[in-house]
Amino acid sequence: MDSTKKEHIILAVGGVIAAIVAILLASSGNPGNMAICIACFVRDTAGAMKLQTTETVQYLRPEIVGIIVGACIMSFVGKEFKAQAGSSPFTRFILGFIVMIGCLIFLGCPLRMVLRMAGGDLNAWVALIGFAAGIGTGVLFLKNGFTLGKAETLKKAEGLALPVVVIALFILSITTTVFAVSQSGPGSMHAPVVLSIIGGIAFGLVAQCRACASLAVCVTSSWCATAGDSWSSASCSRAF
């Protein structure tokens, strides 16, 4: 079997796994208009830690913990694990800040955007135009020499710091009441913790294998977007 065909098979299998995870999470309590969304779940986790105080989006999402841990495990299995640090830290911080604004306000999260597109949300189709324009602009910058500088390889301990921290936060979230939990809105909608952490780990394994989760989203999005909760694709743009 040639490498191209093998890669296509890996992508297809990864897509199926991502689809199963999305279906299970959406049907078990996660917001039906996204099932699993990196930007939104990071937002909810930040809310749980009181880094933002919007009461409807506060819940430490086990999926984020699972994704980090799953990717870390697969990187060790595939002997790909390495810690790197980039230059221009302040510029990276500002760019990351802008990316999150784009994800949460203008549907710039590709996973959730594709999910809502297939679910019939016209706002997501408009977002796709902006997403493509943003990619094109970035390509122009890169072709004209824009760079943040060369990344430096660090000790493995540096790379393990994030997995260790998120695991500690997860343990605190299930053993104490230190983190906030929304009583209404998207933050109050979540699958059982065990299913969420397993689903997140599966997603992390798939992501580290370079599978494209969006491949599965197109297949399952119509189902997820009509999962039966009041936070459907049509109403979600008003909530966020």
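Contact here means heavy atoms within 4.5 Å, and with that in mind the tour can begin on this predicted model.

**First stop: α5 and α6**

Select helix α5, residues 110-118, together with helix α6, residues 122-143, whose axes come within 8 Å and cross at roughly 140°. That angle makes α5 oblique to α6, and the crossing of the two helices is left-handed. To see where they touch, show the side chains of Pro-110, Met-113, Arg-116 and Met-117 in α5, which meet Ala-124, Trp-125, Ala-127, Leu-128 and Phe-131 in α6. If you colour this contact of α5 with α6 by class, you will find 8 nonpolar residues, no polar ones and 1 charged.

**Second stop: the largest pocket**

Keep α6 selected and turn to the largest pocket, which holds about 570 Å³ of space. Its lining is made up of 16 residues, and those closest to the centre of the pocket are Ile-98, Val-99, Gly-134, Ile-135 and Gly-138. Add α4, residues 89-105, to the view, since α4 and α6 each supply at least two residues of this lining. Which helix gives the most to the lining of the largest pocket? That helix is α6, with 8 residues. Coloured by class, the lining of the pocket divides into 11 nonpolar and 5 polar residues, with no charged residue among them.

**Third stop: α3 and α8**

Now select helix α3, residues 62-77, and helix α8, residues 193-208, which pack with their axes 6 Å apart and at an angle of about 40°. Angles under 35 degrees would count as roughly parallel, whereas α3 and α8, at their angle, are therefore oblique to each other. In this pair, α3 passes α8 in a right-handed crossing. On the α3 side of the contact, show Pro-62, Glu-63, Val-65, Gly-66, Ile-67, Gly-70, Ala-71, Met-74 and Ser-75; on the α8 side, show Val-193, Ser-196, Ile-197, Gly-200, Ile-201, Phe-203, Gly-204, Leu-205 and Gln-208. By class, the contact of α3 with α8 has 10 nonpolar, 7 polar and 1 charged residues.

**Fourth stop: α1 and α8**

Leave α8 in view, hide α3, and bring in helix α1, residues 3-27, whose axis comes within 10 Å of that of α8 and crosses it at roughly 160°. Are α1 and α8 roughly parallel or roughly antiparallel to each other? Angles over 145 degrees count as roughly antiparallel, and α1 and α8 are therefore roughly antiparallel to each other. Their crossing is left-handed. The residues of α1 to pick out in this contact are Gly-14, Ile-17, Ala-18, Val-21, Leu-24 and Leu-25, while those of α8 are Leu-195, Ser-196, Gly-199, Ala-202, Phe-203 and Val-206. The contact of α1 with α8 divides into 9 nonpolar and 3 polar residues, with no charged residue.

While α8 is still selected, look at Ser-196 and Phe-203, which belong to the contact with α3 and also to the contact with α1.

**Last stop: two loop residues**

Finish with the backbone, and go to Lys-50 in the loop between α2, residues 38-48, and α3. Although Lys-50 is not a glycine, it has a positive phi of about 65°. Then move to the loop between β1, residues 83-85, and α4, where Ser-88 is found. Ser-88 is not a glycine either, and its phi is positive, at about 50°.

Terms used: Residues are numbered from 1 along each chain as its sequence is written. This is a predicted model: local features need pLDDT of at least 70, side-chain atom pairs count only at pLDDT 80 or more; totals for chains, interfaces and linings use all residues. Side-chain values use heavy atoms; hydrogens and water are left out. Axes are lines fitted to C-alpha atoms, for helices over the stretch in contact, and angles run from 0 to 180 degrees between N-to-C directions. Helices (H or I, at least four residues) and strands (E, at least two) are DSSP runs, numbered from the N terminus. Angles under 35 degrees count as roughly parallel, over 145 as roughly antiparallel, 65 to 115 as roughly perpendicular and the rest as oblique. A crossing is left-handed if the near helix is turned anticlockwise from the far one by less than a right angle, and right-handed if clockwise. Ala, Val, Leu, Ile, Met, Phe, Trp, Tyr, Cys and Pro count as nonpolar, Asp, Glu, Lys and Arg as charged, and the others, Gly among them, as polar. On a 1 Å grid over the protein atoms alone, a cavity is a set of points where a 1.4 Å probe fits but cannot get out, and a pocket is an open set with protein on both sides within 12 Å along at least five of seven lines; lining residues have an atom within 4 Å of a point. Grid points are joined across faces, edges and corners, and a volume is the space filled by probe spheres set on the points.
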